[in-house]
Amino acid sequence: TLYLCLAVAFYGWGLALTRLAGVAFSPAHPHTILVWLGWSACLWLFQLLHLFLPLNLFVVLPVFLVGLSFGLKPAFLSITRLVQDKQSRNYKALSIFILLFITAWVASKSMLPPTIFDTGLYHLNTIRWINSYLIVPGLGNLHGRLAFNASFFTYAAALNFYPVFNQGRAIANSFLFLLTLLTMSLYLRPVLKKPSLVWQSHPFKYLPALLCLPILGYLVFKSDGFASPTPDMSIFLLQLTLFVLWTRSIAAHLEGERQQLFGMFEIIILAATSITVKLSNVLFDLAFILYGVLYLWVNYAGKLKVLLKPLIPAALIGLLWVGRGLILSGAMFFPSTFLSFPFEW
């Protein structure tokens, strides 16, 4: 139930973000992409709110309730259309059973004791600081890792609904895993109806998502990231998702679809968010942002108005993240001391 509520709330914020940016949703993509965009928007909101308030129940609950109010009706209509699709009842029943089974498996695995060393070293400590206090200037003086400024920790802290729930560490990565799996599965729905599409279409259209499934299966059985609020697992899931979005955009381009504003919007926003989740991912993400910008520039005849639609939200994501880094450590990209300033803290 919590997974579903989170998905609908993020879906609502994803709709709000695209409408605010003036970007129309493309039916070539599954609606889970809007959930990803809403997740990015909420990460930004949580970081902004944490500048002034600790992320406790009274701060984060209104954010989720607003998202639910935006997304409840559209999500219900989307699910209804999906259920009414022309497929056999046995196929639909089997799909629901598999989804519920995987969800139960992942949920139970996420409730195991965390075994990742860094979880005890600084993950849980960082989350508790975020739950208990607004952002603390110079927090990195207590321990360097407390200034790592990973936006993922504000997300995990928000899921604690502090001090009521306190199991956000079990929800954070498991939710993103299920979202990634569902995104790949929805991209592959045409293949389930007609398997020959795999070799009849451009290799970039379905093969990347298909090849991601065994990787996700490996995570289910081998990864200990479900029970830990580690940004490493979230980064890996973001990398898989961005890779599939990128390859599908190339396939769509080769098939004659030149106007891909929504496709580039999602790539640029998710890549910008990914940098804030973990700094070590920066080169990977900058490559995707550059790809999106160049694609829009070439295929929309250099229209600045089109370019600004994804670039303004991406810039806001980056500026807030850099500002938080300066407050926590005095450095824009801590633990790197490049572009650090001699603030009092």
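Helices (H or I, at least four residues) and strands (E, at least two) are DSSP runs, numbered from the N terminus. The model is predicted, so that local features need pLDDT of at least 70 and side-chain atom pairs count only at pLDDT 80 or more, while totals for chains, interfaces and linings use all residues. Residues are numbered from 1 along each chain as its sequence is written, and side-chain values use heavy atoms, with hydrogens and water left out.

Proline 335 lies in the segment after helix 14, and the peptide bond that leads to it from phenylalanine 334 is cis, with omega near 15 degrees. Helix 14 itself comprises 26 residues (304–329), which should span 38 Å at 1.5 Å a residue, and the 35 Å between its end C-alpha atoms agrees with this; the expected span is 1.5 Å times one less than the number of residues. At proline 310 helix 14 bends by about 35 degrees, the bend being the angle between axes fitted to the seven residues ending there and the seven starting there. Glycine 330, just after helix 14, takes a positive phi of about 85 degrees.

A second cis peptide bond, with omega of about 5 degrees, joins tyrosine 162 and proline 163, and proline 163 is found in the loop between helix 6 (151–158) and helix 7 (168–187). In the loop between helix 5 (117–132) and helix 6, asparagine 149 has a positive phi of about 60 degrees although it is not a glycine.
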